[in-house]
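Welcome, and thanks for joining this tour. Have your viewer ready, and let us walk from stop to stop together.

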Amino acid sequence: MRLKLVPFETSFDFFSRGALTGGFSVVMMAASVVLFLMMGLNFGIDFRGGTTFRTNADSEVVVADYRAALQPLGLGDTSIVVVSDPLKPENNVTQIRIEAQDAAVAAETTAAVLDALQGVDETLRFEAVESVGPKVSGELVQTAVLAVVAAIAAVLFYIWLRFEWQFALGAVAALVHDVVITIGAFSLLQIKFDLAIIAALLTIVGYSLNDTVVVFDRVRENLRKYKTRALNEVLNLSINETLSRTVMTSVTTLIALISLFVLGGDVIRGFVFAMILGVVIGTYSSVFVASAILNRLGVKRDWSKEAARKVSGQYADIDA
């Protein structure tokens, strides 16, 4: 027996509440922009600058103990990641990042961190100490923004070549919708925003695009198949035909992401949260944003009204 989250044949009218869904998307995007301007993002060490310590120890690393030892030092945002080396599995290496410290106390901070960690494991030693200044962090912010913009521009060009410009505008509007709302959620919740979140945003762009292209491919097929049907009817038919696939893909992806969110720990929780939000919003936007914009813009159909009338008359004669 095959599992069906959605019946294979559905007949939902996705444009009957177009004003409601469109208004909801506009309000959410506007609220996200306001939240970003008023509250900003809680940038992580990658974007604020800081110091990275690479440690090695003879005993197995316990991240909770390391974090508890550093907590009294008041170092601000601290990231502790266990680094595994397949070539040297016996090594117990960690990468510890702390917020940018004043240059005058940098040496004291390094000594204090070493003392605190050696209180947990006397064999611990520093293999490398590196600092990232505000200038480098500023460059990372600019590069991250350019990466997201370049990805969206590449999508616009790709869809424009593969389909028509109306499809491209619908797809890009959906991507901008997804990215803006995700950033708004991070502003509202003040979740740490670092390079991992940029990777999540780019992944969201790819996921949302995949969903949109699946729908648009079916739309293009049905436009050729049903040449006399109104565009909104073809869009509704196409979305219904791909709905089972869309829901199944989103649900199975969410099962994996929720498992990672619950069991994966603090290190990847921000990344996974962005992915969960992106999957939900990306599925919504593929149907209610990209397709709705395509319906409003219309699409050129190589089918004259005269030819349509002739074919309609032929079908009427056949039926008679």
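Before the first selection, one cut-off is useful: a residue is called buried when its relative accessible area is under 20%, exposed when that value is over 50%, and partly exposed in between. Please also keep in mind that you are looking at a predicted model.

**The whole chain**

Start with a cartoon view. The chain contains 10 helices and 6 strands. Of its 320 residues, 38% count as buried. Now switch on the surface: about 17,800 Å² is exposed, and carbon and sulfur atoms supply 62% of that area. As for how the chain meets itself, take the contacts with a separation of 6 or more: 79% of them are between residues 24 or more positions apart.

**Stop 1: helix 7 and its salt bridges**

The model has 6 salt bridges. Select Asp217 and Arg220 first. Their side chains form a salt bridge, with the closest N and O atoms 3.0 Å apart. Both residues belong to helix 7 (residues 195–225), where they are 3 residues apart, about one turn of the helix. Is Asp217 buried or exposed? Its relative accessibility is 18%, and because the cut-off for buried is under 20%, Asp217 counts as buried. Its partner Arg220, at 25%, counts as partly exposed.

Stay on helix 7 and add Arg218 and Glu241 to the selection. These two side chains meet in a salt bridge at 3.1 Å, N to O. Glu241 lies in helix 8 (residues 231–263) and Arg218 in helix 7, so this pair ties together parts that are 23 residues apart in sequence. Both ends are partly exposed: Glu241 has a relative accessible area of 33%, and Arg218 has a relative accessibility of 27%. Add Glu221 as well, and you will have a network of salt bridges linking Arg218, Glu221 and Glu241.

**Stop 2: from strand 5 to a loop**

Next, select Arg125 and Asp58. They form a salt bridge too, and here the closest N and O atoms are 3.8 Å apart. Which parts of the chain does the pair link? Arg125 is in strand 5 (residues 125–132), while Asp58 is in the loop between strand 2 (50–57) and helix 3 (63–70), and 67 residues separate the two along the chain. Arg125 counts as partly exposed, at 37% relative accessibility. Asp58, with a relative accessible area of 55%, is exposed.

**Stop 3: the aromatic rings**

Clear the selection and show the aromatic side chains. There are 7 aromatic pairs in the structure. Pick out Phe24 and Tyr284: their ring centres are 6.0 Å apart and their planes stand at 75 degrees, so the pair is edge-to-face. The two rings come from distant parts of the chain, Phe24 from helix 1 (residues 18–39) and Tyr284 from helix 9 (residues 266–297), 260 residues apart. Phe24 itself counts as partly exposed, at 46% relative accessibility. Widen the selection to include Phe14 and Phe288, and you have a cluster in which ring pairs link Phe14, Phe24, Tyr284 and Phe288.

**Stop 4: arginines over rings**

Two further selections show a charge placed over a ring. With Tyr226 and Arg229 selected, you can see the charged end of Arg229 over the ring of Tyr226, 4.5 Å from its centre. With Phe261 and Arg269 selected, Arg269 lies over the face of Phe261, at 5.5 Å from the ring centre.

**Stop 5: a nonpolar patch on the surface**

Return to the surface view and colour Leu156, Phe157, Trp160, Leu161, Trp165, Leu169 and Leu297. They form a nonpolar patch with about 720 Å² of accessible area together. Where do the patch residues come from? Helix 5 (134–162) and helix 6 (165–189) each supply at least two of them, and the largest share, 4 residues, comes from helix 5. Leu297 is in helix 9, and it counts as partly exposed at 38% relative accessibility.

**Last stop: Ala147**

Finish with Ala147, which is also found in helix 5. Ala147 is partly exposed, with a relative accessible area of 29%. Draw a distance from its C-alpha atom to that of Leu201: the separation is 9.9 Å, for two residues 54 apart along the chain.

Key:
Residues numbered from 1 in each chain as written. Predicted model: local features only at pLDDT ≥ 70, side-chain atom pairs only at ≥ 80, totals over all residues. Heavy atoms only, no water. Buried < 20%, exposed > 50% of the residue type's maximum accessible area, 1.4 Å probe, protein only. Contact = heavy atoms within 4.5 Å. Areas by Shrake-Rupley, 256 points an atom, 1.4 Å probe, with all protein chains shown as cover. Phe/Tyr/Trp six-rings, centres within 6.5 Å; stacked < 30°, edge-to-face > 60°. Lys NZ or Arg CZ within 6 Å of the ring centre and 35° of its normal. Salt bridge = Lys/Arg side-chain N within 4 Å of Asp/Glu carboxyl O. Patch = residues over 30% accessible without salt bridge, like charges linked within 9 Å, V, L, I, M, F, W, Y side chains within 5 Å.
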